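Here is a short dialogue on how to read a structure. Please look at the display before going on.

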Amino acid sequence: MPRVLVLGGTAEARELARLLLEDPRFTVLSSLAGRVANPRLPVGETRIGGFGGPSGLAAFLAEDGVDVLVDATHPFASTISRNAALAAEASGVPLLALVRPEWSPVAGDQWTRVPTVPAAARVLARREGGRAMLTTGRQDVGEFAALEAWWFLIRVVDAPSCALPPRHELLRDRGPYTVESERTLLRDNRIDVLVTKNSGGDLVSAKLAAARELGIDVVVVDRPERPAGVPAVPTAAAAYARLVGDA
Ligand code: NAP
């Protein structure tokens, strides 16, 4: 019975854990970083907390008898993805990446694409000010702290611990959202610009459709590079099929 370690923190990771748990040919362990106070837990065995870098993860793979490693972390969690690639190479454990497809602009979208969150903050700094909605996550909000000309609606799962922009409102929510609810939120808060990472997936994409309908500018942070040479699949079902094929 191959033992699969799923590096998670995403809906796709939870879905893969469910598929593997239901299949008696596998045992599965999910891993979460422990960033969120009340995480959505996957079914089955779960561990929480860092491994201690690539060497810690490699040691864990050996101690726990992991046969296959699946990196199903968020597309912006680049450190753990790099660690997974290094640990897999060092230990000889096969690694599969589960990477949800990114969003692409469609007709009517007004996107400004930037390479990083600080670059998104610089785009706003160059504009005269207004009302922006931030959906880049708790860890990146501090990048906007110096922007005094802007009022921010900051949507986060847990409250940020960093410095915040002088004029803001915190909205604690984790979705999923509907186009209708996103349209109402953007309109009621008179949002001029939406700032988002290109996270991809369906759970939080309604904001893009709502922004399109309302003619709102969207600053989209492109994904960081992924480690080279790691095979990748786009869905939990595809990851499961690959694991079954290799088992
Ligand atoms: P990161 O910067 O890539 O990783 C920082 C450190 O956190 C890693 O070096 C590792 O610690 C630990 N870590 C990360 N993911 C882990 C996991 N699944 N299991 C065990 N340890 C993990 O990660 P991040 O951007 O802070 O994201 C943390 C978690 O939140 C990820 O699991 C990700 O899937 C989820 N998430 C991230 C975002 C985002 O925008 N970044 C959005 C939604 C969900 P050690 O080096 O000590 O092993």
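**Reading the chain and one residue**

Q: How much area does the protein chain expose?
A: Accessible areas come from the Shrake-Rupley method with a 1.4 Å probe, and for residues only the protein chains shown count as cover. The protein chain exposes about 11700 Å², and carbon and sulfur atoms supply 51% of that.

Q: What kind of model is this, and how are residues numbered?
A: This is a predicted model, where local features need pLDDT of at least 70, side-chain atom pairs count only at pLDDT 80 or more, and totals for chains, interfaces and linings use all residues. Residues are numbered from 1 along each chain as its sequence is written, and side-chain values use heavy atoms, with hydrogens and water left out.

Q: What share of the residues is buried?
A: Buried means under 20% relative accessible area, exposed over 50%, and partly exposed in between (1.4 Å probe, protein chains only). Buried residues are 46% of the 247 in the protein chain.

Q: Where does R113 fall on that scale?
A: R113 has a relative accessible area of 39%, so R113 is partly exposed.

Q: Which residues does R113 touch, beyond its neighbours within four places in sequence?
A: Contact means heavy atoms within 4.5 Å. By that rule R113 is in contact with E102, P105, N198, V220 and D222.

Q: With which side chain does the side chain of R113 make a polar contact?
A: A polar contact is a pair of N or O atoms within 3.5 Å; within protein, one must be able to donate a hydrogen and the other to accept it, and residues adjacent in sequence count only if both atoms are side-chain atoms. Here the partner is the side chain of D222, at 3.0 Å.

Q: How far is R113 from D23 in space?
A: Their C-alpha atoms are 41 Å apart, and in sequence the two residues are 90 apart.
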